[in-house]
Amino acid sequence: MIMDDLETLGQRLLAEVGNAENLKALETTRVGALGKKGILTTRMKAIGAMDASLRRDAGAALNRLKSELAAAIEARAEDLRGAALDAQLRSERIDVTLPARRAPTGRVHPVSQVFDEIVAIFANMGFKVAEGPDIEDDFHNFTALNIPPEHPARQDHDTFYLRAPQGQARQLLRTHTSPVQVRTMKSQPPPVRIIAPGRTYRRDSDMTHTPMFHQVEGLVVDQTTHMGHLKGCLQDFVSAFFEVEVPVRFRPSYFPFTSPSAEMDIGCKRSRGSLTIGAGDDWLEILGCGMVHPNVLGHCGIDSERYQGFAFGVGIDRIAMLKYGIPDLRSFFDADLRWLRHYGFAALDVPTLHAGLAR
Ligand code: DAH
């Protein structure tokens, strides 16, 4: 009778253990059976009052059940802990390939983008980036570049002059990036191979002119530099920049700081109001260049008998408009967010020649 009862109790407890849905329910079952006031503990205590003839068997049976139950509880606990860990791992799983930060919403301005593209292209040809101040003096902006006082070329530059403190020479906003040529040659011995992108200023404003605009200057000075190097370098530059084979043409021109001087045209096609850069039956002027004038080398303390060099100057805004089909120069400086979202570039896509200049 007692044995039967124990067997039923055992089955009930084992079933309860098997059905425990979580560790908490399992613990309740354990305390209810094996705890200080648990049913099996209580029964164990009651054995002492039993008839000696029954005590041994009942004690042994009860002990068996206790160990069986304890083992079942441990096994079930093990299962439940495993399942809980699985569930936690599933819910906390992270995809390490997802971006750690949200993609930035800001866009890179086309002028900054083109700056970076130009730097990437010329860096690949071994050029370094040089810089100079936006506020210049007469010597660096004009005189050293072979534009003496009263030279008619000064008028073409529509210069912004700054009010000079009493007794001091007046300063100006640089009208081109060419003064960086002078600063570079004065501060380092040849060979020189630099580009100087930056802001420039002239009193001018219409569809294609803004009072502030951007240029990039290039300068190479060495003992054997010649016009062929200049042409090859610029030809490579425009093809890399426009990312197509671009035919080029050099026309004789005049700049006080170069001799001979030239303007370079790139091939294009115009049809029904649209312009395509590349092979075509038309030409578009994009830059001025030439061999550095011996007087300029002289002003910078370089022996023009030993050294010669080439230089060029490109309008950055202009080639940005051509490459990215932007119709109005003034829109560059409107700070209109809708415009920037449309024409801007993804902030983390830094232009390189191997990964592509623009995406
Ligand atoms: N400085 C010229 C300008 O602003 C551009 C230029 C032309 C630069 C010929 C040069 C050059 O270095 O050789 O219009």
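This report walks through the ligand site, some strand pairing, one helix and the salt bridges of a predicted model.

Since the model is predicted, local features need pLDDT of at least 70 and side-chain atom pairs count only at pLDDT 80 or more, while totals for chains, interfaces and linings use all residues. Residues are numbered from 1 along each chain as its sequence is written, and side-chain values use heavy atoms, with hydrogens and water left out.

**The ligand site**

Let's start with the ligand. Of the 15 residues around it, His176, Ser178, Arg202, Gln215 and Glu217 come nearest; a residue is near a molecule or strand if one of its heavy atoms lies within 4 Å of it. Which atoms of the ligand do His176 and Glu217 approach? For His176, a polar side-chain atom sits 2.9 Å from a ligand nitrogen atom. For Glu217, a side-chain N or O atom is 2.6 Å from a ligand oxygen atom. The backbone gets involved too: an N or O atom of the Ala311 main chain lies 3.2 Å from an oxygen atom of the ligand. Taken alone, the ligand exposes 350 Å², and the protein buries 90% of that. Those areas come from the Shrake-Rupley method with a 1.4 Å probe; for residues, only the protein chains shown count as cover.

**Strands around β11**

Helices (H or I, at least four residues) and strands (E, at least two) are DSSP runs, numbered from the N terminus. Two strands pair if DSSP finds at least two bridges between them. Strand β11 (residues 308–315) pairs with strand β6 (residues 212–222) in the antiparallel sense, over eight bridges. One of the bridge partnerships puts Val221 opposite Gly309 of β11. Strand β10 (residues 282–292) also runs antiparallel to β11, and five bridges join the two. There, Gly288 has Gly313 of β11 as its bridge partner.

**Helix α5 and a contact from far along the chain**

Does helix α5 (residues 110–124) span what it should, or what else? Let's put that as: how far apart are its end C-alpha atoms? They are 21 Å apart, which agrees with the 21 Å expected for 15 residues at 1.5 Å a residue; the expected span is 1.5 Å times one less than the number of residues. Buried residues of α5 include Pro110, Val111, Gln113 and Val114, and also Glu117, Ile118, Ala120, Ile121 and Phe122. Here buried means under 20% relative accessible area, exposed over 50%, and partly exposed in between (1.4 Å probe, protein chains only). Just after α5, Gly126 takes a positive phi of about 90 degrees.

Pro110 also has a neighbour from elsewhere in the sequence: Phe345 is 235 residues away along the chain, with a C-alpha to C-alpha distance of 7.0 Å. Phe345 is found in strand β12 (residues 345–346) and counts as buried because its relative accessibility is 7%.

**Salt bridges**

Side chains of opposite charge can pair when their charged atoms come close. A salt bridge here is a side-chain nitrogen of Lys or Arg within 4 Å of a carboxyl oxygen of Asp or Glu. A search of the whole structure finds 16 salt bridges, and the table lists three of them.

| Salt bridge | N to O distance |
|---|---|
| Arg43 and Asp5 | 2.8 Å |
| Glu27 and Arg30 | 2.9 Å |
| Glu263 and Arg251 | 3.2 Å |

Take the salt bridge between Arg43 and Asp5. The pair links distant parts of the chain, with Arg43 in helix α3 (residues 39–47) and Asp5 in helix α1 (residues 2–19), 38 residues apart. Arg43 counts as partly exposed because its relative accessibility is 26%, and Asp5 counts as partly exposed at 32%.

Glu27 and Arg30 are a local affair. Both are in helix α2 (residues 23–34), and being three residues apart there, they are separated by about one helical turn. An α-helix has 3.6 residues a turn, so residues three or four places apart point the same way. Glu27 is partly exposed at 38% relative accessible area, and Arg30 is partly exposed at 30%.

What does the salt bridge between Glu263 and Arg251 tie together? Glu263 lies in strand β8 (residues 258–271) and Arg251 in strand β7 (residues 248–255), so the pair ties together parts that are 12 residues apart in sequence. Glu263 counts as buried at 18% relative accessibility, while Arg251 is partly exposed at 26%. Salt bridges that share partners join Arg249, Arg251, Glu263 and Asp265 into one network.

Asp265 is in strand β8 and counts as buried, with a relative accessibility of 2%. A polar contact of 2.7 Å joins its side chain to that of Arg251. A polar contact is a pair of N or O atoms within 3.5 Å; within protein, one must be able to donate a hydrogen and the other to accept it, and residues adjacent in sequence count only if both atoms are side-chain atoms.
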